[in-house]
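Consider the model shown below. The paragraphs after it go through its surface, its aromatic rings and its cysteines.

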Amino acid sequence: MGHIQQILYFISGLAIFFFGQRTLSQGLQTLGGKIVRRIVHQEDQKNPLVNFWNGARLSLIGFSPTMSSMVVIGLANANLLKNRRILPMMMGTALGASAILFVLSAGNNDRALNLIALGLILGLILRSFKYRSLGKFLVGLGLVFLGVSVMEEALKLLTEWSKIEATLEYIKSLTLLGALSLATIVGLLLSLSLTSTTMVLAMTAVLGRLEIVSAGFCLGLAMGAVIASFMMTFITSKSQARPYAIRESFTPFLITAFTVLGFIIVAPILEDYILIPLSTIDKVVYASFFIAVISFFHAIIIKGMLKNFARKLYPDGELKEQSKLKFLGEGRFLSSSMAYVLVEMEISKLMDIVDRMFLKCEEYIDSKYKGARALAKIKDYERIIDNIQKEIDIFIEKVISSGSGEDDSKNSMKYLKLASSLEQLADSLDKLSTMLTKFYEEWELTVDEKDRLLVNFHQVYEIFHTGLRIYTEVIEPHEDQREFIENALELKKTLLAERESYAKVHKDDDPRKHIYYSDMMIALAKVRGHARDIYLTIHK
């Protein structure tokens, strides 16, 4: 077999691995979707060790340290993750990289083919969504193992090439300091050129299993890949995110780089005192775990100093940028399953703002003073909601363009509809408050009329609030929606009857009075309709 053919053989193994990684990631994220949501929604989690472990779990579920770090910074950029959780979770992605290396070291050709066959059987015979996702996961893992096996076989053939043999002999002759230094640079450059940390981890697994280079060189490759993961996240944040998110991506990059540099300096000194009877790949896996843990403790100790340094380099500026939901990086850095976790959290934030807008409107209706100053806060809420809805639309559009399956398309439609209904509901609340203000410029509602308006408004709010509690899993979805929908329909009839009743009572008054009150009732009826749509969308 010619050398060119052997190189192509190796590249084909890399291609199989890449496709398998994508398939494995999609299957894992579908199966572990609830785990990802639980990790992200643990807002009150203060324990840094738990957050460190959560970062590692995100890396394993995405089967990519870069993807998980992009998700964490994306959440930080949208202000959806508390500050104390960001750094431990970012450092946890390095632990996840070590776990991925451990998984890759366990594969072989027979195991790969068995997994592919089992996954295909599950996907073809058992048609339920859960088993199809499990089948996709098994096929993906099998392809990952197959890719590693193909690369391994290709590399065995390439070692017969005199130039490759001479290069390997040179690497073997390097001291531990030289091997670690050279390999870290090579791993960093390879990861940046391939824009993939996991591919370099796969190459590390191949070299470690064949034992054609030292454990020090393999470890250097893995550490270079981890540094590259943080560097890619930092570079992406620098060009697309706000200064706060840039600082949060810069700090772990700096900590990991310094920890690896310290290890490169200290390891040769301790080399003669530590003898571990393990295979090359096992030494690399355990050493990478150790460095990830040391990096985490460094982060806890010196985070204050490094964050202050980062703030000097990337200050907020005169006008502090608002948090934004943004699609950071290329499409392959963020799978649709991970992306929808961000969208789900942004929808939660949007619903919380709409809830506050409801309460502010109720307070405004009940207050004695009606005017532009009191109305301004309601209009601020409406403007914020409008901006968030646009962000969600743009984000989902980019998720779809990056490639999404049938189930992701359903999620897209659900979240787009929810965001649109919430924005329209806010518009109708704004219209109600505006018409009430105009009404009070010349007239006032009687005590009885105001009380009835408040009662009707509160009933509309209950429709929305029920949907909100189901969405945030405070209450279980109703088994039978019919009673709830019938009550919502009766409320619509009540609002329209209220409008007609008011017109009859005040038939001799200024016609504008009827028009303003009628517009208020129509606006409230529209709020009811949008609240019902939100409830139905969430309930599906």
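What follows is a walk through selected features of this structure, which is a predicted model.

The surface comes first. Leu120, Ile121, Leu124, Ile125, Leu126 and Tyr131 together make a nonpolar surface patch of about 590 Å². The element that gives the most to this patch is helix α6, spanning residues 109-125, with four residues. Ile121 belongs to helix α6. Its relative accessibility is 45%, so Ile121 counts as partly exposed; the exposed class begins over 50% and the buried class lies under 20%.

A contrasting residue is Ala154, found in helix α7, which covers residues 129-158. Is Ala154 buried or exposed? Ala154 counts as buried because its relative accessibility is 0%. Ala154 can also be placed relative to Val284: the two are 130 residues apart in sequence, and their C-alpha atoms are 22 Å apart in space.

Next come the aromatic rings. How many aromatic pairs does a search of the whole structure find? The search finds 16. One of these is the pair formed by Tyr502 and Tyr517, with 3.8 Å from centre to centre and 15° between the planes. This pair is stacked, because planes under 30 degrees apart are placed in that class. Tyr502 lies in helix α18 (residues 482-505) and Tyr517 in helix α19 (residues 511-539), so by the 15 residues that separate them the pair links distant parts of the chain. Tyr502 and Tyr517 are both buried.

Ring pairs also build a cluster, whose members are Phe234, Phe250, Phe253, Phe309 and Tyr314. A ring can be met by a charge as well: the charged end of Lys377 sits over the ring of Tyr381, at 5.2 Å from the ring centre.

The cysteines come last. A disulfide is a covalent bond between the sulfur atoms of two cysteines. How many disulfides does the structure hold? The number is zero, which means that no pair of cysteine sulfur atoms lies within 2.5 Å. Two cysteines can be described by their accessibility. Cys218 has a relative accessible area of 0% and is therefore buried. Cys361, at 1% relative accessibility, counts as buried too.

To gather the points on accessibility: Ile121 is partly exposed, while Ala154 is buried. Buried status is also assigned to Tyr502 and Tyr517, to Cys218 and to Cys361.

Definitions and conventions: Residues numbered from 1 in each chain as written. Predicted model: local features only at pLDDT ≥ 70, side-chain atom pairs only at ≥ 80, totals over all residues. Heavy atoms only, no water. Patch = residues over 30% accessible without salt bridge, like charges linked within 9 Å, V, L, I, M, F, W, Y side chains within 5 Å. Areas by Shrake-Rupley, 256 points an atom, 1.4 Å probe, with all protein chains shown as cover. Salt bridge = Lys/Arg side-chain N within 4 Å of Asp/Glu carboxyl O. Helix = DSSP H or I, 4+ residues; strand = E, 2+ residues; numbered from the N terminus. Buried < 20%, exposed > 50% of the residue type's maximum accessible area, 1.4 Å probe, protein only. Phe/Tyr/Trp six-rings, centres within 6.5 Å; stacked < 30°, edge-to-face > 60°. Lys NZ or Arg CZ within 6 Å of the ring centre and 35° of its normal.
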